[in-house]
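Work through the exercises below with the structure open beside you. Try each task before you read its solution.

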Amino acid sequence: MNWQEVKKVAKEKLKPYCRVCPVCNGVVCAGEVPGMGGVGTGSSFKANIEALNRYKLNLSTIHEVRQPDTTFKLFNETLSIPVMAAPITGSTYNMGGAITEEVYCEEVISGSLMAGTIGWTGDGADPLMYGSGIEAIKKNNGKGIPIIKPRAQDEIIRRIKLAEEAGAIAVGVDIDGAGLITMALKGQPVSPKSPKELEELVKSTSLPFILKGIMTLREAKIAYEIGAKAIVVSNHGGRILDHTPGVAEVLPEIADSLKGKLTIIADGGVRSGVDVLKMLALGAEAVLIGRPVVVAVFGNGREGLKLYFNNIKNELSQTMLLTGVSSVMNVPRDILRG
Ligand SMILES: Cc1cc2nc3c(=O)[nH]c(=O)nc-3n(C[C@H](O)[C@H](O)[C@H](O)COP(=O)(O)O)c2cc1C
């Protein structure tokens, strides 16, 4: 199947939750949470896209670059591209349930590995959600990263142990899930955490700890101070709080202060190899992609995801060639104009 065919199948299977628009930008699905959209007016999802679109690339073809290197090292893993599958849960209430939570996780983890990269899995009110991710990671020799909701401390630590037993590469908390009413309604309250509480989580494990959902320099500094090995600069794809800035807007100030101290990953609105390179130029070392991964997996399972990531890799290489970037490990900001 080619990408157009994958999208066609996904469109049928995701009806009416996701229309698989020509550009996945949060306009048509605004307010659809549960669903695939952004919360409220949808402005935070749209801001992610708009922030990236504001930057333009300086075309450059007088240089020595011939074969751009897209490989990236995350902790001890060498990945073919600095792009990974974002944690996504709620197959039934967000995506219509044509694929079960278990199958979704399995396809994301396997498809990512087939493309030479890593899949992340999430957590939610139904135990099936975290459990499905852990099972898929276990089945694939630990090659995956589970992200836990900011639950009660003992509940998080219990899930961190499951990640360790599965042999996961790293583990983390999506701290921006702190206000999710759906979790409280199902008797599993989530909340913001103090730096001390986060430090306790970091110290409870020998796995690298990731804090996902950082949108300010102040909180990025706290993440570093409490010993997080990586942050994900993210507004959760605009699904948590209306009227946040776009990720590409806040990323440079965070990266300029903290790059080299911890791994900086970013997500939100990344749709192409061009977008990947823009995020890297703004200071991310790697990115996650969310909704298009859902389309790839609903369209053709792990093969669909492999195809999607391979397309991203080709676009990224081509964009590097045409902006004079030899390696994703060193992307100068001045390839951008804007
Ligand atoms: C349907 C849906 C479910 C999600 N579930 C989770 C989750 O369980 N845990 C988490 O950390 N992030 C979750 N996210 C956020 C993604 O990991 C990611 O931050 C976001 O989708 C990136 O934006 P993009 O979709 O525009 O690429 C979810 C996003 C969507 C669209």
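A polar contact is a pair of N or O atoms within 3.5 Å. Keep that cut-off at hand. The model is predicted.

**Exercise 1. Polar contacts of the ligand**

Task: Decide whether the ligand atoms paired with Lys149, Pro87 and Arg291 meet or miss the polar contact cut-off.

Solution:
- Step 1. Start with Lys149. An N or O atom in the side chain of Lys149 is 3.3 Å from a nitrogen atom of the ligand. The limit is 3.5 Å, so a pair at this distance is a polar contact.
- Step 2. Go on to Pro87. Here a backbone N or O atom lies 2.7 Å from an oxygen atom of the ligand.
- Step 3. Finish with Arg291. An N or O atom of the Arg291 side chain is 2.9 Å from a ligand oxygen atom. These pairs also meet the cut-off.
- Step 4. Add the surface. The ligand taken alone exposes 610 Å², and the protein buries 98% of that.

**Exercise 2. The shell around the ligand**

Task: How many residues surround the ligand, and how do they divide by type?

Solution:
- Step 1. Count the shell: 24 residues surround the ligand.
- Step 2. Name the closest: Pro87, Thr89, Asp267, Arg271 and Gly290.
- Step 3. Sort the shell. It holds 6 nonpolar, 10 polar and 8 charged residues.

**Exercise 3. Positive phi**

Task: Are Val20 and His243 buried or exposed?

Solution:
- Step 1. Find the residues. Val20 sits in the loop between α1 and α2. His243 sits in the loop between β9 (230-233) and α10 (247-258).
- Step 2. Read phi. For Val20 it is near 50°, a positive value in a residue other than glycine. For His243, not a glycine either, phi is about 65°.
- Step 3. Apply the cut-offs. Val20 has a relative accessible area of 9%, so it is buried, the limit being under 20%. His243 is at 60%, so it counts as exposed, the limit being over 50%.

**Exercise 4. Cis peptide bonds**

Task: Which residues does a cis peptide bond join in the loop between α1 and α2?

Solution:
- Step 1. Take Pro16, in the loop between α1 (3-13) and α2 (43-54). A cis bond joins Lys15 to Pro16, with omega about -5°.
- Step 2. Take Pro34, placed in the loop between α1 and α2. A cis bond joins Val33 to Pro34, with omega about 0°.

**Exercise 5. The nonpolar core**

Task: Which residues have the most contacts inside the largest nonpolar core?

Solution:
- Step 1. Size the core: it has 103 residues.
- Step 2. Name the residues: Trp120, Ile231, Val233 and Met279.
- Step 3. Find the largest share. Helix α12 (residues 291-321) gives 12 residues.

Notes:
Residues are numbered from 1 along each chain as its sequence is written. This is a predicted model: local features need pLDDT of at least 70, side-chain atom pairs count only at pLDDT 80 or more; totals for chains, interfaces and linings use all residues. Side-chain values use heavy atoms; hydrogens and water are left out. A nonpolar core is a set of buried Ala, Val, Leu, Ile, Met, Phe, Trp, Tyr and Cys residues joined through side-chain atoms within 4.5 Å. Buried means under 20% relative accessible area, exposed over 50%, partly exposed in between (1.4 Å probe, protein chains only). Helices (H or I, at least four residues) and strands (E, at least two) are DSSP runs, numbered from the N terminus. A residue is near a molecule or strand if one of its heavy atoms lies within 4 Å of it. A polar contact is a pair of N or O atoms within 3.5 Å; within protein, one must be able to donate a hydrogen and the other to accept it, and residues adjacent in sequence count only if both atoms are side-chain atoms. Accessible areas come from the Shrake-Rupley method with a 1.4 Å probe; for residues, only the protein chains shown count as cover. Ala, Val, Leu, Ile, Met, Phe, Trp, Tyr, Cys and Pro count as nonpolar, Asp, Glu, Lys and Arg as charged, and the others, Gly among them, as polar.
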